[in-house]
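Me: Could you take a close look at the aromatic rings in this model for me? I'd like to know which rings pair up and how they are arranged.

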Amino acid sequence: MAAEHTKPSALIFGGLNTCSRALAAFLVPVDGESKVSLLRIVDKYSVHPATTYIGPEFTKVLENPEVEYRQANLTVAGGRNPDACPAIESAFEPPAGKPPFDYVFDFTGEVRNDRSELIQISSTFAIARLLGLEAAKRKVKAYIRIQQPFYETSAKHPAVETEDVKPVEAMGIWWHESLRMLASIADLNLVILRVGFVYGPYTNFGNTVSESIPEVISAMTVASVYGYLDKPMKSMWSPGKNPTNTVHVDDIAGGAWTCATWIADKGRTAADQIAGVKLVFHNDKGKVKEVQGMTPHDQTPVAPLFNLVDDSKSTLVSTGKTISSVFGTTFEFFNLVESTVFKLMDDLEDINEHHVEGWTEMLMESVPPITNTPLSAYMDKYTLDKHIVSFDNTKIKQVLGYQLLRPEFNHDNIKEVVDKWKQEGVWPNVTKSSST
């Protein structure tokens with residue numbers, strides 16, 4: 001067993017409502033040896049009582065003496081120093097007698113597409129900037145930025161890291177701008193991990209209204225409703241290729257850890273030479289003067305970047321069929337006339353009516369009835385839109401030697417997610433409607 005003093009210490013910022021809980025469980029498993037000597041998690045949510053869904057596993061992780069959770073507002077910069085935040089400075093301070101933190105995992109960023117651009121800037125760009133500046137000042141050995149798939153890629157081929165892909169809407173633009181800014185911070189040991197559509201046990205983001213990670217979790221709840229009603233699940237989009245590459249939350253944890261240990265050994269200069277990618281400007285040039293800390297539009301910073309998706313090369317059809325099979329139904333498509341009507345409809349309530357009512361019925365028919373669940377069968381406009389995300393995962397395998405923990409998006413992995421939610425009592429335990 002490795003001595004405690006040889007293990008690195010780690011900070012996780014943000015992501016309690018997305019993927020950071022999975023990383024925490026990976027670093028400090030409930031059963032098994034910890035990979036870190038100390039883990040501090042910092043986010044805006046409370047965990048006692050919980051003000052966001054955290055699941056039963058994370059509650060056990062928090063009981064470990066090696067884990068500290070700190071609720072903090074990371075958006076408030078210092079009064080006289082706009083380049084610092086008291087809560088962030090405090091979070092970087094190690095406990096008395098302990099060495100400085102080694103690794104920082106940055107899961108921060110707004111994932112609600114209905115937020116204004118000002119909120120996108122303050123909650124995504126500004127927080128990442130303050131974290132990056134503080135991490136560089138503290139000379140952390142690794143700073144891993146998790147980049148959500150807010151891009152539109154080509155349907156013809158998987159995008160490699162050097163390909164310039166366009167960020168989607170204001171949310172995607174400011175997530176991407178955050179990468180350019182972080183890449184511009186001198187001496188920041190940065191690695192960007194760009195992921196596909198996330199799924200896995202206790203991972204429910206994208207399932208509530210306006211949390212904009214579409215596809216997997218929302219498709220699961222909706223497919224379960226159509227299985228319950230004994231009807232096919234249908235898509236308004238034509239089959240086509242429609243890539244929707246996926247990644248299991250276990251691999252986000254494993255990939256982030258692998259990135260951290262790699263750059264901690266290499267350092268930023270060598271990492272840039274090995275895996276550096278140019279980050280092209282995709283914003284309004286006028287914003288550069290308005291938003292503090294933006295990298296000028298005519299500069300193209302470089303940073304190590306790795307795509308992380310599984311090997312399934314998932315598409316709208318393949319994910320639809322896999323998910324539907326778990327719930328005893330089929331995945332089909334509306335005809336041209338039907339899909340055209342749906343695409344023109346502005347009233348999301350009409351589109352959602354059947355599966356929301358069905359989901360509510362399933363919850364009430366469960367034994368015992370489920371009155372509180374973090375899951376929903378409602379799909380917002382962003383989720384209903386077509387999103388093409390196709391990334392090539394060759395680089396992370398070849399450069400870092402990373403081996404996927406969950407290489408396939410398959411029936412068993414989806415069933416595991418559902419079974420764990422059933423055990424928790426937040427997923428209905430009925431399969432077929434009594435009226436069918």
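Reply: Happy to; here is a walk through the ring pairs and the charges that sit over rings. This is a predicted model, so local features need pLDDT of at least 70 and side-chain atom pairs count only at pLDDT 80 or more, while totals for chains, interfaces and linings use all residues. Residues are numbered from 1 along each chain as its sequence is written, and side-chain values use heavy atoms, with hydrogens and water left out.

The structure holds ten aromatic pairs (rings of Phe, Tyr and Trp, the last by its six-membered ring, with centres within 6.5 Å; planes under 30 degrees apart are stacked, over 60 edge-to-face, the rest tilted). One of them joins Phe13 and Phe92: with centres 5.5 Å apart and planes at 25°, the pair is stacked. Because Phe13 lies in strand S1 (residues 9–13) and Phe92 in helix H3 (residues 86–92), this pair ties together parts 79 residues apart in sequence (helices, H or I of at least four residues, and strands, E of at least two, are DSSP runs numbered from the N terminus). Both Phe13 and Phe92 are buried, meaning under 20% relative accessible area with a 1.4 Å probe, protein chains only.

Tyr103 and Trp257 make an edge-to-face pair, 5.6 Å centre to centre with 65° between the planes. Tyr103 belongs to strand S4 (residues 103–106) and Trp257 to helix H7 (residues 249–266), so the pair links parts 154 residues apart in sequence. Tyr103 and Trp257 are buried too.

Elsewhere, ring pairs join Phe327, Trp359, Trp421 and Trp427 into a cluster.

Finally, the charged end of Arg194 sits over the ring of Tyr151, 5.5 Å from its centre (CZ of Arg or NZ of Lys within 6 Å of the ring centre and within 35 degrees of the ring normal). Likewise, the charged end of Lys395 sits over the Phe306 ring, 5.1 Å from its centre.

Technical notes. Buried means under 20% relative accessible area, exposed over 50%, partly exposed in between (1.4 Å probe, protein chains only).
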